[in-house]
Amino acid sequence: MNVVTARGLHTRRGATEVLRGIDLEVRGGEVVAVVGPSGSGKTTLLRALNYLTPFTAGEVEIAGHALRPGMSERADAEALRAVRTRVGMVFQSFNLFPHLSALENVTEGPRRVLGLDAAAAEARARALLARVGLAEHAGAYPQTLSGGQQQRVAIARALAISPRLMLFDEPTSALDPELVAEVLAVIRRLAEGGMTMIVVTHEVRFAREVADRIIFMDGGRIVEEGSPVDVLERPKEPRTRQFLRLVQR
């Protein structure tokens with residue numbers, strides 16, 4: 001069963017068309033890695049899937065809940081909430097609340113989105129921090145944590161609403177190289193646990209190891225997709241081959 005279905009997705013930024021007719025399906029439990037050059041529309045695609053970036057044409061369905069062009073945060077609040085409570089998103093730059101501890105950051109979602117009481121929300125948050133290896137840092141504030149630790153808190157926060165789908169937008173791009181492995185290890189464990197995920201990444205080796213399917217985007221379009229072996233070792237499209245020659249040097 002599909003968790004994500006997108007058909008004919010278009011977005012514009014002023015006069016520039018950013019997504020140019022994206023069709024995408026993601027099955028439950030599938031891990032899809034999205035790779036491609038900067039400016040190819042990868043991040044916009046993720047943001048369009050939960051309507052953080054409105055799309056101008058096409059349709060999206062997430063876990064049975066539909067999004068359409070022209071939706072309003074006010075008039076369509078209930079429909080947008082139905083989608084967003086089923087989607088966890090992890091950004092490049094962590095986006096933690098600096099005035100809240102790690103525990104408080106993770107507790108916010110269960111309390112405000114799911115309506116859990118304080119005790120239940122805290123129990124869930126502590127379990128998730130332990131899951132990402134940060135049980136001993138529950139009381140720490142973001143500025144006292146390393147980049148890798150902050151990103152793991154951000155992952156725990158996204159998981160706290162029990163999403164059907166996790167979206168990762170270049171989750172290691174803001175990290176020093178020695179911190180990348182700890183974040184990728186958490187994502188790898190989620191994949192092994194059957195979480196449905198779309199991961200925008202420049203870590204081609206990681207995509208090869210974890211993804212069930214790889215999508216290569218360029219110019220707002222999906223140029224090529226297939227298994228990691230097919231896309232990374234036997235690419236059919238010249239643009240895919242050109243990109244891989246550059247990133248695999």
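In the predicted model, the crossing of helices α3 and α4 is right-handed. The axes of α3 and α4, the latter spanning residues 118–131, approach to within 8 Å and cross at roughly 125°. Because an angle of this kind falls outside the ranges for roughly parallel, roughly antiparallel and roughly perpendicular pairs, α3 and α4 are described as oblique to each other. On the α3 side, the contact is formed by A102, L103, V106, T107, P110 and R111, and α4 contributes A118, A121, E122, R124, A125, R126, L128 and L129. By residue class, this contact of α3 with α4 comprises 9 nonpolar, 1 polar and 4 charged residues.

Helix α3 also packs against α5, which covers residues 147–159. Here the axes lie 7 Å apart and the angle is about 25°. Since angles under 35 degrees count as roughly parallel, α3 and α5 are assigned to that class. The crossing of α3 and α5 is again right-handed. A102, N105 and V106 of α3 meet V153, A156 and R157 of α5. The residues of this contact divide into 4 nonpolar, 1 polar and 1 charged. A102 and V106 of α3 thus appear in the contact with α5 and also in the contact with α4.

The strands considered next belong to an open sheet. Four strands are arranged in the order β2-β1-β4-β5, and their pairing is antiparallel. The edges of the sheet are formed by β2 (16–27) and β5 (65–67), each of which pairs on one side only. From one strand to the next, the twist averages 20°. In general, the strands of a sheet pair through backbone hydrogen bonds, in either a parallel or an antiparallel manner.

Within this sheet, strand β1 (residues 2–13) is joined to β2 by 9 bridges, and the two strands run antiparallel. L9 has I22 as its bridge partner in β2, and R13 is likewise partnered by T16 of β2. β1 and β2 form a hairpin with 2 residues between them. In the turn, G14 has a positive phi of about 65°.

H10 is located in strand β1. With a relative accessible area of 24%, H10 is partly exposed, because the buried class is restricted to values under 20%. Apart from neighbours within four places in sequence, H10 is in contact with E17, L19, R20, G21, F55, T56 and A57. The C-alpha atoms of H10 and G58 are separated by 6.3 Å, although these residues lie 48 residues apart along the chain.

G220 is situated in the loop between β9 (213–218) and β10 (221–226). Its relative accessible area is 0%, and G220 is therefore classed as buried. When residues up to four places away in sequence are not counted, G220 touches V18, L19, R20, I22 and S40. L19 and R20 are contacts of G220 and also of H10. I22, another residue touched by G220, is the bridge partner of L9. In contrast, G220 and L116 are 40 Å apart in space, C-alpha to C-alpha, with their positions 104 residues apart in sequence.

Two loop residues were examined for their backbone conformation. Most residues other than glycine have a negative phi. N95, although not a glycine, has a positive phi of about 60°. N95 is placed in the loop between β6 (87–90) and α3 (102–112). At 39% relative accessibility, N95 counts as partly exposed. E170 likewise has a positive phi, near 45°, and is a residue other than glycine. The position of E170 is in the loop between β7 (165–169) and α6 (177–192). E170 counts as buried because its relative accessibility is 12%, a value below the 20% limit of that class.

Terms used. Residues are numbered from 1 along each chain as its sequence is written. This is a predicted model: local features need pLDDT of at least 70, side-chain atom pairs count only at pLDDT 80 or more; totals for chains, interfaces and linings use all residues. Side-chain values use heavy atoms; hydrogens and water are left out. Buried means under 20% relative accessible area, exposed over 50%, partly exposed in between (1.4 Å probe, protein chains only). Two strands pair if DSSP finds at least two bridges between them. Axes are lines fitted to C-alpha atoms, for helices over the stretch in contact, and angles run from 0 to 180 degrees between N-to-C directions. Angles under 35 degrees count as roughly parallel, over 145 as roughly antiparallel, 65 to 115 as roughly perpendicular and the rest as oblique. A crossing is left-handed if the near helix is turned anticlockwise from the far one by less than a right angle, and right-handed if clockwise. Contact means heavy atoms within 4.5 Å. Ala, Val, Leu, Ile, Met, Phe, Trp, Tyr, Cys and Pro count as nonpolar, Asp, Glu, Lys and Arg as charged, and the others, Gly among them, as polar.
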